[in-house]
Amino acid sequence: MTVLTLPDRRMEARTRFRDLDGKSRLVSARGQSRSAAEIALKRRLSERNVYQPVDTSLTLDSPFGELVDYWLADLDPEARIAPSTRRFYEDAIRHEVLPALEHLTLREIGVARCDALLKRLGQLSYARSKRAKTVLRLAFGLAVRHEVMPRNPIDGVSRMHKPKRSPTALAAVAVNAIRAVIKAWEHQRGSSGPNPDGQLGQIVEVMLGTSARIGEVLGIRRCDLDLTTTPATLRICGTVISQKGVGTFRQAHPKTDRSNRVVALPTFTAEALRRRLAVSGDRSFDALVFASREGTPLTTANVRRQLRTVLERAGITGVTPHMFRRTVATVINEAASVDLAAQLLGHTDPKVTIEHYIRRNEHVNPLTAELLDQAFAQEDESKSS
C-alpha cells in the first residue's frame with residue numbers, strides 16, 4: 001500500500017487489487033489523514049472482494065434509474081412472463097418507485113430508505129405498497145444475482161400488514177334484481193344508435209354458471225362448447241386481453257396454464273349460449289361466441305363499463321364482473337366444499353379461494369340451540385307443581 005499527500009493536503013491510499021476476473025487493477029481511496037485514507041481503502045477493497053459485477057455496466061455508483069432499465073430489459077428476451085404482467089411491473093416501478101429513488105445511486109439505497117418508502121406508500125394504500133415491494137425485490141434481486149449489489153435491501157424491510165377485508169358476494173335476490181335490470185335495458189328501443197343485442201345479459205349468465213373471469217368468457221369460441229350433451233360443457237382455455245400498441249385479441253390460454261378446465265353448464269347458462277349461437281353471424285369453428293358487430297373481440301373494459309352504466313341507472317352500484325365470480329365460489333362452498341369451489345374457479349390452492357373469493361358465513365348451525373337445550377334447559381315450574 002502506498003500513501004500519497006495530495007495538493008489539497010488530503011491523503012490518498014493506493015494499492016493494486018486482483019479482481020474476480022483475474023485482472024489486477026489500481027484501487028485508491030482518499031481521507032483527511034493517513035489513517036482515514038487507509039481505512040477508506042480497506043473498506044473499498046472489502047466491497048470488491050464480496051462481489052464483482054459480471055457482464056454489466058452497472059456498479060454501486062449507478063443511479064437507480066439505470067437499474068430499472070436494466071431489469072426491464074432483462075425481462076424481455078425470454079418472454080418469461082405474460083405481456084400484461086410485464087406492463088404491470090413497468091407501471092409499478094416507474095410510477096410508484098422511481099420518483100422517490102431516481103436521484104440516488106444503488107450504493108445509497110439500503111433497508112432504511114426502502115422501508116420508509118414502503119411505509120409512505122402504505123399510508124396511501126396497501127396495494128400501492130405491495131406493488132412497490134414486489135418490483136423492488138425483483139429489481140434488486142437481479143442486481144444481487146449479477147453481483148452488482150451484495151444483498152437485497154428488501155429482505156430487511158418490515159413486514160407489511162394487509163387490512164382485513166371479507167370478500168363480498170351477491171345474494172340470490174340481488175342476482176335476480178341485476179338480471180331484471182339488464183333484461184329491461186336490453187328490451188328498450190332507442191331513437192338513435194344500435195339497440196342492445198342481448199350479449200350483456202348472456203355474458204352475466206355465463207359468469208354465473210361457470211365462475212369464469214370476464215376475459216375468459218369473452219374468449220369462448222364455438223369449438224369450446226358442447227351443447228349436445230347433458231349437462232352441456234364448456235372448455236375454458238383462453239382469455240381476451242388488450243395490449244398497448246397491439247390491440248385486443250384472444251390469448252390461447254387463461255390467466256395461467258393451470259386454469260385450463262372443462263366445466264359442466266347449468267341449464268340457464270346453456271340456454272343463454274344457445275340463444276347467442278342462434279343469432280351469431282359467424283358460424284366458423286373457432287369464431288368467438290361474444291363479439292362486436294364487426295366480428296372483433298369485445299374488450300373487458302367496455303363490458304365492465306356497460307355493466308356499470310346499466311346498473312347505476314337503476315340505482316345498483318358496486319357490482320363488477322369479478323363479484324359474480326366470488327358469488328359462485330361462495331355458493332359452491334356453502335352447498336358443497338371449498339375444494340370444489342377452487343376446482344371450478346381454476347385455483348390450484350384452495351387458500352386463494354378462501355382468502356379472496358368466499359364470503360364468510362356469519363350464521364352458526366342452529367343445531368347448537370338444540371344441543372344446549374338438551375344440556376341446560378330447566379323444567380317448566382308450572383308443570384312440576
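A residue is called buried when its relative accessible area is under 20%, exposed when that value is over 50%, and partly exposed in between. With that in hand, let's walk through the charged pairs of this predicted model. Across the whole structure, a search turns up 18 salt bridges, and a few of them make good stops on a tour.

Start close to the beginning of the numbering, with E12 and R14. Their side chains meet in a salt bridge, with 2.4 Å from N to O. E12 has a relative accessible area of 4%, so E12 is buried. Its partner R14 counts as partly exposed, at 31% relative accessibility.

Next, move along to R94 and D69, a salt bridge whose closest N and O atoms are 3.1 Å apart. R94 sits in helix α3 (residues 83-101) and D69 in helix α2 (residues 64-75), so this pair ties together parts that are 25 residues apart in sequence. R94 is partly exposed at 28% relative accessibility, and D69 is partly exposed too, with a relative accessible area of 44%. These two residues also belong to a wider arrangement: a network of salt bridges links D69, R86, E90 and R94.

Our last stop is the salt bridge between E205 and R179, where the closest N and O atoms lie 2.8 Å apart. Here again distant parts of the chain are linked, with E205 in helix α7 (residues 199-210) and R179 in helix α6 (residues 172-186), 26 residues apart. E205 has a relative accessibility of 11%, so E205 counts as buried, while R179, at 26%, counts as partly exposed.

Technical notes: Residues are numbered from 1 along each chain as its sequence is written. This is a predicted model: local features need pLDDT of at least 70, side-chain atom pairs count only at pLDDT 80 or more; totals for chains, interfaces and linings use all residues. Side-chain values use heavy atoms; hydrogens and water are left out. A salt bridge is a side-chain nitrogen of Lys or Arg within 4 Å of a carboxyl oxygen of Asp or Glu. Buried means under 20% relative accessible area, exposed over 50%, partly exposed in between (1.4 Å probe, protein chains only). Helices (H or I, at least four residues) and strands (E, at least two) are DSSP runs, numbered from the N terminus.
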